[in-house]
Amino acid sequence: MDKNKYFRTNNFYLGCFLFAKGLELVSIDRTDPKKCVFVFADTPLRELFVGVFNYGRENDPEIQVDARTLILAIKTLKDKLYQSEL
């Protein structure tokens with residue numbers, strides 16, 4: 001796997017946010033049995049989304065996500081965590 005093409009995070013809520021924003025979840029790395037790492041296809045927007053997630057102001061339009069979209073992202077990532085493979 002070319003590490004430059006992928007973004008990895010073990011932060012569940014950041015993963016949900018990126019998924020809700022439309023980034024492609026490529027896999028979930030379960031190498032470490034104590035934590036899972038979400039692996040996304042990297043895009044130019046990913047850096048913006050991570051910055052906004054970590055440091056954005058409450059009403060920043062870039063941080064806005066439809067509630068139903070975010071709930072679906074949370075459910076989807078939880079389902080994928082409990083599957084044996086992605």
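This is a short walk through one protein chain, from its overall layout to its salt bridges and its buried parts. What you see is a predicted model.

I will start with the layout. The protein chain has three helices and three strands. Read from the N terminus, the order of the elements is β-α-β-β-α-α. I will name them by type and number, so the strand that spans residues 6-9 is β1, and the helix at residues 12-20 is α1.

Next, the overall dimensions. The C-alpha trace covers about 35 × 30 × 20 Å along its principal axes. The radius of gyration is 13 Å, and a compact globule of 86 residues would have one near 12 Å, so the two agree. Contacts tell us about the fold as well. Taking the contacts with a separation of 6 or more, 66% are between residues 24 or more positions apart.

Now the surface. The accessible surface of the chain is about 6100 Å², and carbon and sulfur atoms make up 51% of that. Of the 86 residues, 29% count as buried.

On to charge. There are 13 positive and 12 negative side chains in the chain, and the centres of these two sets are 4 Å apart. Side chains of opposite charge can pair when their charged atoms come close. How many salt bridges does a search of the whole structure find? The search gives three.

Take the pair Asp29 and Arg8. Their closest N and O atoms are 2.4 Å apart. This bridge links distant parts of the chain, with Asp29 in strand β2, residues 25-29, and Arg8 in strand β1, 21 residues away. Arg8 has a relative accessibility of 39%, so it counts as partly exposed.

Another bridge joins Asp42 to Arg46, with 2.8 Å between the closest N and O atoms. Is Arg46 buried or exposed? Arg46 is buried, because its relative accessible area is 17% and the cut-off for buried is under 20%. Its partner Asp42, at 27% relative accessibility, is partly exposed.

The remaining pair is Arg68 and Asp66, whose side chains meet at 3.6 Å, N to O. Here Arg68 is exposed, at 67% relative accessibility, and Asp66 is partly exposed, at 39%.

Let me turn to the buried parts, beginning with helix α1. This helix is mostly covered, with seven of its nine residues buried. Those residues are Phe12, Leu14, Gly15, Cys16, Phe17, Leu18 and Ala20. What covers the buried residues of α1? The cover includes the strands β1 and β3, the latter at residues 37-41, and the helices α2, at 44-55, and α3, at 67-82.

Finally, one residue in helix α3, Leu77. Its relative accessibility is 0%, so Leu77 counts as buried. Which residues does Leu77 touch, leaving out those up to four places away in sequence? They are Phe12, Gly15, Cys16, Phe19, Leu25 and Phe38. Of these, Phe12, Gly15 and Cys16 are among the buried residues of α1. Phe17 is also a buried residue of α1. The C-alpha atoms of Phe17 and Leu77 are 11 Å apart, while along the chain the two residues are separated by 60 residues.

To recap, we have looked at a chain of three helices and three strands, at its three salt bridges, and at a helix, α1, that is mostly covered.

Definitions and conventions
Residues numbered from 1 in each chain as written. Predicted model: local features only at pLDDT ≥ 70, side-chain atom pairs only at ≥ 80, totals over all residues. Heavy atoms only, no water. Helix = DSSP H or I, 4+ residues; strand = E, 2+ residues; numbered from the N terminus. Rg over C-alpha atoms; globule rule 2.2 N^0.38 Å. Buried < 20%, exposed > 50% of the residue type's maximum accessible area, 1.4 Å probe, protein only. Contact = heavy atoms within 4.5 Å. Areas by Shrake-Rupley, 256 points an atom, 1.4 Å probe, with all protein chains shown as cover. Lys, Arg positive; Asp, Glu negative; His and termini not counted. Charge placed at Lys NZ, Arg CZ, Asp CG, Glu CD. Salt bridge = Lys/Arg side-chain N within 4 Å of Asp/Glu carboxyl O.
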